[in-house]
Amino acid sequence: MPAANTVASYLREHSDGGPWKAGPAFTWTDDPGLALFREPPIVRITADSSPFFQATARRVVDALNAWLPYDKHLALGEDADTLSLVEEIPTGELWMGESNMGRSGARPGAAAQVDLDIDRTFDQVQQRWEKQALRATRVMVNPASPEYQDESLYSTLVHEALHALGLNGHVDMADYPGSVMHYAYLLTVEDVPTSDGVAILAAYTRLVSGTEPESLDAASLGTWSRNVAGLQGTLDACDCTFGTNWVNGVAVPWVDGAVTTGTFADSGLRGTVTWEGHVVGWTPAEVTVSGDTALAVNLASLTGTADFTNLAVHETQTVWGDGDLGYGLSLNGNYFRSTAGADPGYVSGRFVGQRHDGALGLLEHPDLTGAFGAVR
């Protein structure tokens with residue numbers, strides 16, 4: 001886990017103001033200050049975007065939420081009809097959609113862009129304008145760009161969504177290896193790279209919007225530990241792992257396994273298919289919980305269920321809550337997300353292995369954050 005001074009330095013890169021590089025021959029100038037949403041924003045995805053874009057945008061929201069406590073999660077609101085100008089977006093909302101970028105003011109050749117509507121004030125002492133908070137933001141991706149395909153769209157949306165949450169600059173890959181916030185961002189091999197995810201965690205749990213760059217140092221993050229307590233499970237059938245880490249007061253679930261490249265139609269599987277496995281997680285009070293996982297999918301309707309049973313406090317083996325949670329599922333390609341259920345929270349994940357041999361996912365509940373793995 002990055003040290004506090006590394007995280008603070010990373011955040012200063014996004015709050016210093018002045019000229020920032022956005023491409024090989026393109027810079028812009030902005031005011032200083034770390035502008036964040038004062039409350040977790042509502043995310044709306046435009047209904048006139050392709051199903052592929054909509055599904056990818058929801059994946060990005062789920063991946064970002066994995067780095068935030070439940071009460072700081074981005075909420076998925078009802079779809080917007082079409083992408084409005086950022087000035088017309090309601091306060092406290094982040095919209096994502098497709099755009100040909102023709103009249104967006106984007107730099108030449110841009111595949112994507114984020115527009116920020118920022119509240120600013122003039123500092124009489126330092127004689128400068130300073131960013132105070134994000135009022136509303138929007139993310140646009142050009143569907144005609146080379147980046148609009150497969151996992152490239154995912155990386156593009158992670159990059160732009162991080163901008164839209166307040167990471168307004170770009171960083172040097174030599175200083176922050178693996179970050180997707182390089183000015184010529186690269187394909188991320190993680191759901192959200194650690195350097196970027198931990199910065200969002202710190203910004204929204206340790207700092208206030210409008211923090212000046214001069215105030216960003218290790219001390220501004222409060223008590224910060226590089227130690228990570230972790231729970232982990234392994235699926236030998238698909239060479240996959242999953243787990244949940246306790247990172248500076250936040251339960252951060254993660255999964256590691258290549259997404260299935262084929263479709264269910266190619267797999268030879270028919271009817272209702274089930275996967276069984278395990279879930280591990282933490283409560284907000286730093287109590288570990290484990291239990292059983294069962295997924296069932298009807299391949300004709302591409303709907304299913306995710307059930308978590310025998311949930312127990314790991315240390316004492318006493319029942320957690322009423323011992324179970326259940327959700328309905330909807331599939332999009334080889335990804336799934338919950339659509340309904342008697343329990344609060346949601347589930348998201350992906351299938352792994354050559355013939356959908358395994359399933360990996362995240363369980364997000366107000367009182368339990370976990371990761372799960374299951375084998376067909």
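The largest pocket of this predicted model encloses about 1200 Å³ of space. Its lining comprises 50 residues. Nearest the pocket centre lie Arg59, Tyr154, Asp191, Tyr335 and Arg350.

Both helices and strands build this lining. Helix H2 (51-65) and helix H3 (150-164) each supply at least two residues. So do strands S9 (240-247), S10 (250-256), S14 (325-332), S15 (335-340), S16 (346-352) and S17 (358-365). H2 gives the largest share, 9 residues.

The structure also holds 1 cavity of 30 Å³ or more. The space inside the largest cavity is about 30 Å³. His14, Gly33, Ala35, Leu116, Lys131, Leu134, His163, Gly166 and Asn168 line this cavity.

Helix packing adds a third site. Helix H1 (residues 4-13) meets helix H4 (residues 194-206) at an angle of about 85°. Their axes are 10 Å apart. Angles of 65 to 115 degrees count as roughly perpendicular, so H1 and H4 are roughly perpendicular to each other. From H1, the contact uses Val7, Tyr10 and Leu11. From H4, it uses Ser195, Asp196, Val198, Ala199, Ala202 and Ala203.

The residue classes at the three sites are as follows.

| Site | Nonpolar | Polar | Charged |
|---|---|---|---|
| Lining of the largest pocket | 24 residues | 16 residues | 10 residues |
| Lining of the largest cavity | 3 residues | 5 residues | 1 residue |
| Contact of H1 with H4 | 7 residues | 1 residue | 1 residue |

Technical notes. Residues numbered from 1 in each chain as written. Predicted model: local features only at pLDDT ≥ 70, side-chain atom pairs only at ≥ 80, totals over all residues. Heavy atoms only, no water. 1 Å grid on protein atoms, 1.4 Å probe; cavity = no way out; pocket = protein on both sides within 12 Å on 5 of 7 lines; lining within 4 Å. Points joined across faces, edges and corners; volume = space filled by probe spheres on them. Nonpolar A, V, L, I, M, F, W, Y, C, P; charged D, E, K, R; others polar. Axes fitted to C-alpha atoms, helices over the stretch in contact; angles between N-to-C directions. Helix = DSSP H or I, 4+ residues; strand = E, 2+ residues; numbered from the N terminus. Parallel < 35°, antiparallel > 145°, perpendicular 65-115°, else oblique. Contact = heavy atoms within 4.5 Å.
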